[in-house]
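Reader: I would like a close look at one part of this model, please. Pick a single residue with an unusual backbone, tell me about its setting, and then go on from there to the side-chain pairs.

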Amino acid sequence: MEAKIKMKQIDAALLQKMLIGGAKRLEANKEYINELNVFPVPDGDTGTNMTMTALAAAKEVGNAAEVTVKEVTRGLSSGSLRGARGNSGVILSQLFRGFYKGVKDQDVLTTETVAAGFKKAVETAYKAVMKPKEGTILTVAKVTAEKAVYCARNTEDFEEFAQVVIKEANEILQKTPEMLPVLKEAGVVDSGGQGLVEFLQGAVDALMGKEVDLSSIEKTAVKPAATASEAPLEEKDIKFGYCTEFIVMTKEEISMEEEQKFKDFLMGIGDSIVVVADEDIIKVHVHTNHPGKAIEKGLTYGELTNMKIDNMREEHRERLNLTQAEVQAEESKPEEPRKDFGFVAVSIGQGMNDIFRELGVDYLIEGGQTMNPSTEDMLNAIEQVNAETVFILPNNKNIILAATQAQSLVEDKNVVIIPTTTVPQGISAIIGFDPEADAEENEDNMKDIIECVKTGEVTYAVRDTSINGITIKVDDIMGIDDDGIKKVGQDVEKVTLELLEEMVDEDSELISIYYGEDTTKEQAEALLEKVEETYGDCDVQLEYGGQPIYYFLLSVE
């Protein structure tokens with residue numbers, strides 16, 4: 001009987017298949033992962049966010065300039081960085097970024113170098129999260145990496161290594177309910193951890209010879225992003241006409257001083273600048289009237305690749321289908337200087353959008369709970385706002401990490417994140433904005449304001465579960481406040497009134513009610529009447545929000 005030949009190394013072509021295989025398996029299991037979410041709310045969910053992040057990475061992995069370990073893992077890192085959605089997606093992108101850092105100098109991978117990549121992945125992801133919580137995707141990644149390092153010391157055989165590592169990943173995943181009581185009560189494992197295990201299993205399947213379809217990644221990766229809306233852009237707003245992007249491949253890592261000099265140069269010839277230097281590559285994005293100057297400067301640092309120049313004025317004219325006379329009239333208008341302050345807000349529902357616009361928001365990203373916007377969606381929004389300081393209102397706790405990741409990539413504007421976790425908090429924050437105060441004063445003031453806003457949400461359950469001793473059945477009506485699910489019943493109005501009873505106290509002055517697309521005006525007015533009767537000492541206002549999923553959003557200040 002012949003001895004089995006050991007697989008002692010992985011080349012770039014096989015690594016490419018493994019990474020795409022991981023993304024495809026994650027996509028195939030996203031609904032199962034969504035079902036693991038502890039809170040039974042019909043939202044964007046972990047599986048969807050992780051899948052869209054992984055597919056954005058897989059697109060760049062599949063289109064790597066060269067099939068080398070460095071280029072393939074670089075695609076994994078850069079694709080996921082911009083495509084990251086939700087907290088779980090951002091953490092996954094940081095794991096990918098760390099893995100790239102750990103293995104990029106290798107020609108082929110061994111069990112030891114893969115283990116080192118896993119270790120670097122975990123270090124990078126833990127640094128990116130302000131308060132890491134055990135029993136989550138981070139724990140699954142950490143324990144799996146520790147096992148990989150131990151196993152790599154004892155075997156060179158990838159098949160044996162992969163089986164041991166994936167077994168450990170599954171075992172630690174099953175232990176997550178013991179680390180987080182909320183998981184144990186709901187009877188589920190951590191959904192982010194499950195997503196990571198699915199990705200790893202897909203990679204292992206490809207390693208073992210399972211065929212992976214590379215051709216469909218281009219199509220599947222381009223999924224509709226959170227849509228964005230803004231006041232109609234006029235050509236006079238386009239101060240710099242050419243959107244210029246390229247990657248510089250440097251011979252060695254440039255110093256922080258040189259990186260800053262490069263940024264200063266770009267600021268002198270344009271705006272909307274994003275410069276991301278990562279070891280031996282620099283990703284550059286700039287709006288300028290002299291793309292040649294940007295390219296010439298880039299060449300002083302190394303070779304260029306992935307160059308793209310778009311004429312934004314021409315694109316604008318095509319969109320508006322302007323006549324030549326209209327074009328000349330537009331071009332003769334004076335350029336508009338940057339204003340001091342601008343706002344980007346995440347919103348959902350026509351009524352909510354209208355409220356934010358009336359309050360002065362420059363750019364709306366429509367997504368929120370039903371579709372968490374990506375880091376790239378955030379970057380695009382920041383670019384469109386012609387202001388020195390751009391305030392971002394994420395209005396959802398699952399969007400703050402993506403906003404923070406975008407903030408770190410912007411160089412030519414002061415980006416301030418007001419950590420609003422709900423739409424009512426966002427509305428209160430912008431109402432409290434003082435155009436006479438500076439950015440720092442406004443930041444402090446708006447953060448103080450959102451601390452005084454209690455938010456309530458009334459929606460329906462999409463699965464059976466148990467949380468904080470409350471048994472919930474599918475289609476039950478749930479009243480949720482800032483601390484979690486408080487009321488459960490079968491009647492929307494009754495649950496809403498019971499939730500308000502929990503939220504209103506002797507210090508409450510204003511109650512705001514926003515009714516959703518599945519609630520009629522008559523139902524909303526009937527509720528308003530009862531709330532005004534019950535809370536005579538409070539001002540009560542009713543607004544059409546038009547939000548999906550939530551019958552009512554409530555705000556008590």
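**A loop residue and the salt bridges**

Author: Asn395 is buried, with a relative accessible area of 6% (buried means under 20%, exposed over 50% and partly exposed in between, computed with a 1.4 Å probe on protein chains only). This is a predicted model, in which local features need pLDDT of at least 70 and side-chain atom pairs count only at pLDDT 80 or more, while totals for chains, interfaces and linings use all residues. Residues are numbered from 1 along each chain as its sequence is written, and side-chain values use heavy atoms, with hydrogens and water left out.

Back to your residue. Asn395 is not a glycine, yet its phi is positive, at about 60 degrees. You will find Asn395 in the loop that runs between strand 8 (387-393) and helix 18 (400-407). Helices (H or I, at least four residues) and strands (E, at least two) are DSSP runs, numbered from the N terminus.

Ile549 makes a good companion to look at. This residue is not a glycine either, and its phi is positive at about 75 degrees. The loop that holds Ile549 connects strand 16 (539-544) and strand 17 (552-556). With a relative accessibility of 10%, Ile549 counts as buried. A glycine example comes just after helix 16, where Gly360 has a positive phi of about 105 degrees. Helix 16 itself covers residues 350-358, and its buried residues include Gly351, Met352 and Phe356.

Now for the side-chain pairs. A salt bridge here is a side-chain nitrogen of Lys or Arg within 4 Å of a carboxyl oxygen of Asp or Glu, and by this rule the model has 26 of them. In one, Asp205 meets Arg25, with N to O at 3.4 Å. Asp205 belongs to helix 10 (residues 191-207) and Arg25 to helix 1 (residues 12-28), so this pair ties together parts that are 180 residues apart in sequence. Asp205 is buried at 18% relative accessibility, whereas Arg25 is partly exposed at 28%. The two also belong to a network of salt bridges that links Arg25, Glu198 and Asp205.

Another pair joins Glu376 and Arg82, whose closest N and O atoms are 3.2 Å apart. Because Glu376 lies in helix 17 (residues 375-384) and Arg82 in helix 4 (residues 69-83), the salt bridge ties together parts that are 294 residues apart in sequence. Here Arg82 is the buried partner, with a relative accessible area of 16%, and Glu376 is partly exposed at 31%.

A pair within one helix is worth a look too. Glu443 and Lys447 form a salt bridge whose closest N and O atoms are 2.9 Å apart. Both residues lie in helix 20 (residues 439-451), four residues apart, which is about one turn of the helix. An α-helix has 3.6 residues a turn, so residues three or four places apart point the same way. Lys447 is partly exposed, at 31% relative accessibility.

Finally, a residue to view beside helix 1. Thr51 sits in helix 3 (residues 46-62) and counts as buried, at 1% relative accessibility. Leaving aside residues up to four places away in sequence, Thr51 touches Leu26, Glu27 and Lys30, where contact means heavy atoms within 4.5 Å.
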